[in-house]
Every structure is written in structure tokens, then in C-alpha cells.
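Here are my notes on this one, in the order I'd go through them. Have the viewer open while you read.

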Amino acid sequence: MALRTILEFPDPRLRTRAEPVTRFDAALGTLIDDMLETMYAAPGIGLAATQVDVHKRLIVIDISKEHNEPLVLVNPEILSREGEASTEEGCLSVPGIFDEVKRAATIRVRAQDRDGTTFERDFDEVLAVCIQHEMDHLEGRLFVDYLSDLKRERIRKKLDKERKERAARTVAASAGARRAY
């Protein structure tokens, strides 16, 4: 298993619509395992393949405290939606930002597991919200798309500033390390 780099907003690759998974092989199993490891290390509760620059219809989720109940959804589709829930969401691709988003309270999903077996299941509460959030990634949408243009622009500027500061610290640290030799 390996940690994958999580793309961050406003990276244009996050806007790529994912293609269906057609091969259920060892490479897919490795990708799933890498995504789970990356999600746990981030730390997060959900991750779409799009977020690690793999544009396949695959999401992994684990809302358990012990990180021992992974849910793998390959080629997921929402069959029905009921009710409305407004919850505060965050995203590994939009680090440190949280805001209210309205989504369906209950959903029915058809998907395949890591072996390609098709199943249908009902989800509610946190799992329903998380699945909808991750499925948005497969369509090239981010949770910030549900916010106002002004909020989205402020978030983009804040994240750009943080990336520049992080890069400057890295350069300074590596320059200091070179002088130490």
C-alpha cells in the first residue's frame, strides 16, 4: 500500500468526470487499498478516486472510530433520494474549510464491491451525506460549488495563500538543512 497525493481545490483535475470501472483486477485492489490508507492518514472519512488523480468511478468510506469498517463503492449510482439534511461538511481536497450543505437525508445506492459483485443498499445520516459528497467528486463537483461565488473565491484565495506559505517554509527548511552540512 502507498499514500497517494490528494489534489486540492482549485486544481482543474478535480473537475474531471470519472469513467466507469471495467476491470476488477489486482490493480483495482491496490488502488482501493492505497485510497483507504490515504484517507485514514489524511485523516478523513471518505475519498473519491478523482481526488487522487485517478478518474474512475470509485469511492471509499469509513466512518468508524476504529477505522475497521471500510465501505467500497465501485460504479455507484443513487437510485432514490428522500428527505433533506443540512450538515456541516469538509473535504480533504479543500483542507480546513467547513460549511453547511443541503443533501438528501436518505439514499438508496446501487454499486459494485471490490470484486465486481453488484449490490443495493439504503444509507442515511452521515453515510448518506458522505456518499453524496464523494459521488459529487466523480462528477467533477466539489462541496464548495454549493456555496456562494464570494465564499468560494475567499476559500480559493485562503488556500492559495496557505500553499505559498507552506512552500516558502519548505524552501527555507531545505536551505537551512544545506547550510548545516
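1. Start with Arg4, which is partly exposed at a relative accessible area of 29%. This is a predicted model, by the way, so read everything below in that light. Arg4 makes a salt bridge with Asp34, and the closest N and O atoms sit 3.0 Å apart. Asp34 itself is buried, with 6% relative accessibility, which is under the 20% cut-off.

2. What does that pair tie together? Asp34 belongs to helix H1 and Arg4 to the segment before H1, so the salt bridge connects parts that are 30 residues apart in sequence.

3. Now follow H1 itself. The helix covers residues 26–41 and lies across E1, E2 and E3, running at about 40° to E2.

4. The sheet is an open one with five strands, ordered E1-E2-E3-E6-E7, and the pairing is antiparallel. Strand E1 (46–48) and strand E7 (118–124) are the edges, each pairing on one side only. From one strand to the next, the twist averages 40°.

5. Zoom in on E2 and E3 for a moment. Strand E2 takes in residues 58–61 and strand E3 residues 71–82; the two run antiparallel and are joined by four bridges. If you want a register marker, use Ile59, which stands opposite Leu73 in E3.

6. Back to charges: is the pair Asp136 and Arg103 buried or exposed? Asp136 is buried, at a relative accessible area of 5%, and Arg103 is buried too, at 6%. They form a salt bridge whose closest N and O atoms are 2.9 Å apart. This pair links distant parts of the chain, with Asp136 in helix H2 (residues 125–138) and Arg103 in strand E5 (residues 94–103), 33 residues apart.

7. Set that against Arg23 and Asp25, whose side chains meet in a salt bridge at 3.6 Å, N to O. Arg23 is exposed, with a relative accessible area of 60%, while Asp25 counts as partly exposed at 30%.

8. How many salt bridges are there in total? The count comes to 23, using a cut-off of 4 Å between a side-chain nitrogen of Lys or Arg and a carboxyl oxygen of Asp or Glu. Besides the pairs above, have a look at the network of salt bridges that links Glu8, Glu153, Arg156, Asp160, Arg163 and Arg166.

Terms used:
Residues numbered from 1 in each chain as written. Predicted model: local features only at pLDDT ≥ 70, side-chain atom pairs only at ≥ 80, totals over all residues. Heavy atoms only, no water. Pairing = 2+ DSSP bridges. Axes fitted to C-alpha atoms, helices over the stretch in contact; angles between N-to-C directions. Contact = heavy atoms within 4.5 Å. Buried < 20%, exposed > 50% of the residue type's maximum accessible area, 1.4 Å probe, protein only.
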